[in-house]
Amino acid sequence: GPSCVPAADDGRAVGEAIAWSDTRAASEAAELEAATGLGAWQLAILPAALWVERQDPARASATRWYLNSWEWLAFRLSGEARRTRSAGQILADPESIVAEGLDAAKTPPTVDAGTVIEGLTDESAATLGLARGTPVVAGLNDAFAACLGVGLLEAGDAYDAGGSAGGFAVYADRPIGVEGAFGGAAPVEDRWFVGGVTSATGRALDWLAAATGTTAATLLDEAAVVPAGADGLVFLPYLAGERSPIWDPRARGAFVGLTLRHGRPELARAVLESAALAIRHVAAPILAAGVDVREMRVAGRPAGSETWNRIKADVTRFPVAVPEVVEAALLGSAILGAVGVGRQPDVRAAIGAMVRIASRIDPDATNQPTYDALFDVYRSLHGRLDEASHALGALP
């Protein structure tokens, strides 16, 4: 998330969802940030909803609710539309942007994540083969769910979101403000988070596999035998624009340093290293603000690769912990469900009962000079290439 699902009163989706990676509402997001003083994290799907209201009036007129993807699923299951928030999360008030053209009545009442919305409807129960009235518990953004699923509890606990997009967050014992990063209340009491999300670090490997006619598994095997630094090759994973920390929806991906020596294994290694370099890029200003990282827990499909996990440890210099369940957002949702139906007394207890670490990886100091030099190049490239990238994106 946030992926916006315009929905009719009967739960039917009105057209396709507008995914979180879709940049069509970039101007609406900038406008709403200026109007409310809130960042993208707090605005969530409202820029996409405003885009529909302005640009697709037929669709807007058929829409009763604008919902996040998990909110829409809960609506379909329970028949009750609700906007959900995690503990302490600040969300933009739809009433505050009515003047911009958004119908505030299309945002449903707000409930806390981890609370029961309603029971399964007769139709949903029959479709799923479950008992009528089975509790439907309010969920939350996949990034927050993953924080629970990897077991973040204390200040200094961090995680790599993995998955299609990627990202980094760390817990603190006080609110932390870092320009270009997200910050706010963590989904655990008395903790705050600061971090950022990227756009396509996970999908970049799938893209390369499709482009070279092979599989992601083959690329992982080939990359494992290439030394650190990919023989002087660096990849910018801006295949869907980029979010943190450069916030440029018009950014484009690039291989920089290509020579006749480079083949598919080096390309694969550079793509894997780019995900780790992106984490370090997000984390750098957070560390400069005085936040310590004790350990970074990895999540999502990339966490199933020991090669990728070792690269992330070496590039970031963070000790890496691999949970038994790497689909952390899924486990985090189960944790919320357990609390919602009373199987666990609270989120902390549920994390203690349901999260286990399978292995840990310490950074290899011998690769530090290579990765320090590579990172210096990596973070300089957007400023050097952004004008060209924007010009290419403007071509007919």
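The exercises below, each with a worked solution, deal with local features of a predicted model.

Residues are numbered from 1 along each chain as its sequence is written, and side-chain values use heavy atoms, with hydrogens and water left out. Because the model is predicted, local features need pLDDT of at least 70 and side-chain atom pairs count only at pLDDT 80 or more, while totals for chains, interfaces and linings use all residues.

**Exercise 1. Cysteines**

Task: Determine how many disulfides the structure holds, and state whether cysteine 4 and cysteine 147 are buried or exposed.

Solution: Begin with the criterion, which is a pair of cysteine sulfur atoms within 2.5 Å. By this rule the count is 0 disulfides. Next, take accessibility, where buried means under 20% relative accessible area, exposed means over 50%, and partly exposed lies in between (1.4 Å probe, protein chains only). Cysteine 4 has a relative accessible area of 1% and is therefore buried, and cysteine 147, at 3%, is buried as well.

**Exercise 2. The surroundings of threonine 201**

Task: Locate threonine 201 in the chain, and work out which residues it touches.

Solution: First, place the residue with the DSSP elements, in which helices are runs of H or I of at least four residues and strands are runs of E of at least two, numbered from the N terminus. Threonine 201 sits in the loop between strand S10 (192-197) and helix H8 (203-212). Second, its relative accessible area is 6%, so threonine 201 is buried. Third, look for contacts, meaning heavy atoms within 4.5 Å: leaving aside residues up to four places away in sequence, threonine 201 touches Ser164, Ala165, Gly166, Pro237, Ala275, Ala278 and Trp308. Finally, consider alanine 165 in more detail, since a polar atom of the side chain of threonine 201 lies 2.7 Å from the backbone oxygen of alanine 165.

**Exercise 3. Three salt bridges**

Task: For the salt bridges of aspartate 112, aspartate 206 and glutamate 306, find the partner of each residue and say where both members of the pair lie.

Solution: A salt bridge is counted when a side-chain nitrogen of Lys or Arg is within 4 Å of a carboxyl oxygen of Asp or Glu, and the structure holds 22 of them.

- The side chain of aspartate 112 meets that of arginine 85 at 3.0 Å, N to O. Because aspartate 112 belongs to strand S4 (residues 110-112) and arginine 85 to strand S3 (residues 83-85), the pair ties together parts that are 27 residues apart in sequence. Both residues are partly exposed, aspartate 112 at 38% and arginine 85 at 34%.
- The side chain of aspartate 206 forms a salt bridge with that of arginine 301 (2.8 Å, N to O). This pair links distant parts of the chain, 95 residues apart, with aspartate 206 in helix H8 and arginine 301 in the loop between strand S13 (295-298) and helix H11 (306-316). Aspartate 206 is partly exposed, at 32% relative accessibility.
- Glutamate 306 pairs with arginine 310 at 3.0 Å, N to O. Both residues are in helix H11, 4 residues apart, which is about one turn of the helix. Arginine 310 is partly exposed, at 42% relative accessibility.

**Exercise 4. Helix H1**

Task: Identify the buried residues of helix H1, and explain why they line one face of the helix.

Solution: In helix H1 (residues 26-36), the buried residues are Glu28, Ala29 and Leu32. Seen down the axis of H1, these residues fall within an arc of 100° (taken from the directions from the helix axis to the C-beta atoms), so they line one face of the helix. The buried residues of H1 pack against helix H2 (40-43) and helix H3 (46-55). Glu28 also belongs to a network of salt bridges that links it with Glu31 and Arg54. After H1 comes glycine 37, which has a positive phi near 75°.

**Exercise 5. Strand S2**

Task: Describe what covers strand S2 and how S2 pairs with strand S1.

Solution: Both faces of strand S2 (residues 65-68) are covered, with Trp65 and Leu67 buried on one side and Tyr66 and Asn68 buried on the other. Strands count as paired if DSSP finds at least two bridges between them; S2 and strand S1 (residues 4-7) pair in the antiparallel sense over 4 bridges. Within this pairing, valine 5 stands opposite leucine 67 in S2.

Terms used
A polar contact is a pair of N or O atoms within 3.5 Å; within protein, one must be able to donate a hydrogen and the other to accept it, and residues adjacent in sequence count only if both atoms are side-chain atoms.
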